[in-house]
Structures are given as C-alpha cells and as structure tokens.
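Student: I'm new to this one and would like a close look at a single part. Could you walk me through it slowly?

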Amino acid sequence: MSWLVQPRLVNGPFDDPGLYLDFRFGRRAILFDLGDLAPLSSRELMRVSHAFVSHTHVDHFAGFDQLLRVCLHRPGPLHLLGPPGFIDRVDHRLQGFTWNLIDETSVDFQIHVGEFWEDRIARKAVFPARQVFMRQDAEISDLPQHVVLSEDDFHIEAVSLDHGIPSLAFALRETQRVNVRRGVLERLGFPKGPWLNRAKSLIRAGTGDADLDIPGIGQISLRDVPEKLFFVGPGQSIAYVTDTAFSEENRDKILFLARDADQLFIEAVFLERDHQLAADSRHLTAFQAGLLARKARVRDLNVFHHSARYLNEPTALRHEAFWAFEQEAPL
Ligand SMILES: [Zn+2]
Ligand SMILES: [Zn+2]
C-alpha cells in the first residue's frame, strides 16, 4: 500500500507540538504548527510548501524564524495559514529583522499568508522578499467551506476551535488512493518509473484520456492502459487537533474533522484526575482525547503536547488515552 504522505511528530510528546507531513513523491512537505523545528534538517525544511498554524502561542509559532531562515534563499512561495490576526503576527516577526541585504534583484521568495475566520479563509496577504517583505493585500480564492487548500491529489480542511482564543485544527484528505498492482505491471511488461505517478495523478483527478510517455513503449493514452493495473480505494486521511477546550461545540467540530481518519494526532495535556486544570486552561485530558478518537472512528491514535507535570510518569497520559480509545463500551 503506498501512502501519499508520511506523517511524524516533529518533537517528543513533552516538547513543542508540530506535525511534519512528508510527501512520498515530489520532494515536498507540509507542516502543521511551527513550534521548535530543530529536529528537522535544512533539507526537510526546504521542502515545506505550506505551514498551517493552529494559533500563535509561542510553543506553536516560535519555529517560524527557523523556517524563514532556511526558505529565504529559495525561489517560489511559502504558504502560511493561521487564525484571525495571523497576518499581523507574521508581519511583526518579519519587521523584527534587518533586511538591508535584500532588494529587487534577490531570489524571488514570497510568503503568502491566509487567515481562517470561522469556516473559511477571509483574508490574505503577500510579503515578497524583493520588496523587503512589505505587506500587500492578496485575492482570496474561492474554496468550499472548511477547505483551506485544494489540489488534485488531496485537500486540507480546517475547523476553528475555542482555546480561549481561536485555535485551528487541520486534516489532510487524499482524494483517492491509487496503487499499482506490481504483479500486473510485470505481467504486462510495463516498466516502473515516473509515468506511473503521472497516471495515478490523472486517475485521482478523474482525467481518463491524457497521453502517457512510457519508456520503451512510447506514447499511449491512459484509456489504453488496462484498468486492472491500478487499485483505487479511499484516500489517506490525517487529522491534527491541539489546544482546545472540551466543549460541546468543539467536540462536534473535532468529530467532523477527524471522521474516519487513518491517523489522528491529538493533544493529551492532562490526566483525567486533573480535569479541572484542563478545563481552566482550555486543553484536553488524555481520556477526552481517547474518547474523541473512538467517537470519530479513527484507525490510529497518536497523542502529544503532554504537560511537564507528568514527566515522572511519562507513559501515563498515553495509557489513559488508549484506555479510553480502546474501550468496548457503547459510545
Ligand atoms: Zn500549546
Ligand atoms: Zn495554546
């Protein structure tokens, strides 16, 4: 089974939140949250095309500088999305540095920033390096409700949760999973190679009659490639939920976002015995995280953002979350 992206938490569960989604093909990555990014190499940061930021508490945004520093000398845009007020936050961080060494002859690097209000992107701005990161308003593209990025192979959804302030949660959903049946490929005498990726993209996009260039065989229409070569199934889905109160409204939004996800990455900050602390700081307990995972019928649960108060019992939060997740009792 080939996956579109390989997700991994940037840090350990007691350290800053952040999820790195590494694309299997295309030398590309997406980040959910910009906490401490030190464990990521420059090469990994250079691949980041989009970073989606839940909110700008320092543990979720302090890594912006690390990302900027690496991407500064690459052409092409870096896309960022965050909650209301995010464009100002990015602007302030950019204005905090001295930029006398860049001008209109510099690499054409641009930062595109969007703000997600309630259920859609409501504001956009661009900060071009060639204009010394002077803020410019940008047009908002027309996307369906909750969708913040839409490409042929996948889209990204967002919901706005209450954490005292808005905190965004995100999910990547692959349009369709298209796999190659290796045995059939060999039997047909077709070679492996990049043409298979193009064919998969075309199938995901629903395009049936495009030409493919198959090495050793030549130009052939996708329509003439035997259907049995490909296995088409439901796409991969990964949800990321952090810094949220356990309110009814938040619960509904989380269950919508994480519905049937293959993998859910969700905060488990406090133990249930400290649920009052969780309620006061508008965070989830491990029990609540596990319960949400079970109700959303996710396949795989991953917990993070543990409070340092449990450092002397490091597996307790994980155990509590999985206890709630795996219970047999009716929902
Ligand atoms: Zn946090
Ligand atoms: Zn927070």
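Student: Is the crossing of H3 and H4 left-handed or right-handed?

Tutor: Right-handed is how H3 and H4 cross. Keep in mind that we're looking at a predicted model. To find the two helices, go to residues 64-71 for H3 and residues 86-95 for H4. Their axes run 11 Å apart, and the helices pack at an angle of about 65°. Now zoom in on who touches whom: H3 brings Phe64, Asp65 and Leu68 to the contact, while H4 brings Val90, Arg93 and Leu94. Sort those residues by character and you get four nonpolar and two charged, with no polar ones.

While you have the model open, have a look at the aromatic rings too. The count comes to 14 aromatic pairs, taking ring centres within 6.5 Å as the cut-off. One of them joins Phe52 to Phe170, with 5.5 Å from centre to centre and 55° between the planes, so the pair counts as tilted. These partners come from distant parts of the chain: Phe52 belongs to strand E4 (residues 48-52) and Phe170 to strand E11 (residues 166-174), 118 residues apart. Both Phe52 and Phe170 are buried. They also belong to an aromatic cluster, together with Phe32, Tyr240 and Phe304.

Rings turn up with charged partners as well. Arg28 lies over the face of Phe23, 5.0 Å from the ring centre. Likewise, Arg259 has its charged end over the ring of Phe256, at 4.6 Å from the centre.

Key: Residues numbered from 1 in each chain as written. Chains lettered and ligands numbered in written order. Predicted model: local features only at pLDDT ≥ 70, side-chain atom pairs only at ≥ 80, totals over all residues. Heavy atoms only, no water. Axes fitted to C-alpha atoms, helices over the stretch in contact; angles between N-to-C directions. Helix = DSSP H or I, 4+ residues; strand = E, 2+ residues; numbered from the N terminus. Left-handed = near helix turned anticlockwise from the far one by under 90°. Contact = heavy atoms within 4.5 Å. Nonpolar A, V, L, I, M, F, W, Y, C, P; charged D, E, K, R; others polar. Phe/Tyr/Trp six-rings, centres within 6.5 Å; stacked < 30°, edge-to-face > 60°. Buried < 20%, exposed > 50% of the residue type's maximum accessible area, 1.4 Å probe, protein only. Lys NZ or Arg CZ within 6 Å of the ring centre and 35° of its normal.
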